[in-house]
Amino acid sequence: MTDTKNGTPPIRRDPAMHLFTVGQAVWIRRATGMAAPKFRSTYRITGTLPPRGNVLQYRIRNEDEPHERVMTEDQLESARASSGGGETLMERTFGHAQGAKPSLS
């Protein structure tokens, strides 16, 4: 079976294998008909759960909320995927040498 757009075979992955890992930063995807948030809150994966139907589930948490949420894999996206260079916000804002002291040579 090939992809009709470019003639390459589709990527298959084990449906029981979670795409995200515990500790990974994610965003909640904007669902059809859902108002666009003014800013995107970053959540951390706190646990992996068994599938709900054919879709894997995760426990996620935002530092500003007192509770965890349960979301399915198709409702989440990697926060790094869209951040543009693979750097964290702190690294993009302040650079990579945080706390580095100049050497006294």
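These legends go with close-up views of the sheet in a predicted model.

**View 1. The whole sheet, strand by strand.** Five strands make up an open sheet, and going across you meet them in the order 4-3-2-1-5. The pairing is antiparallel. Strand 4 (68-72) and strand 5 (76-78) sit at the edges, so to speak, each pairing on one side only. From one strand to the next, the twist averages 40 degrees.

**View 2. Strand 2 against strand 3.** Here residues 43-52 (strand 2) run antiparallel to residues 55-61 (strand 3), and six bridges hold the pairing on record. Want a couple of landmarks? T48 has Y58 of strand 3 as its bridge partner, while I45 stands opposite I60, also in strand 3.

**View 3. The turn between strand 2 and strand 3.** Zoom in on the hairpin here: two residues lie between the strands. G53 is the one to check on your Ramachandran plot, as it takes a positive phi near 70 degrees.

**View 4. Strand 3 against strand 4.** This pair is antiparallel too, over five bridges. A hairpin of six residues takes the chain from strand 3 to strand 4. Look for Y58 again: M71 in strand 4 stands opposite Y58.

**View 5. Y58 with a partner on either hand.** Which residues does Y58 in strand 3 pair up with? T48 is a bridge partner of Y58, and M71 in strand 4 stands opposite Y58.

Methods:
Residues numbered from 1 in each chain as written. Predicted model: local features only at pLDDT ≥ 70, side-chain atom pairs only at ≥ 80, totals over all residues. Heavy atoms only, no water. Pairing = 2+ DSSP bridges. Helix = DSSP H or I, 4+ residues; strand = E, 2+ residues; numbered from the N terminus. Axes fitted to C-alpha atoms, helices over the stretch in contact; angles between N-to-C directions.
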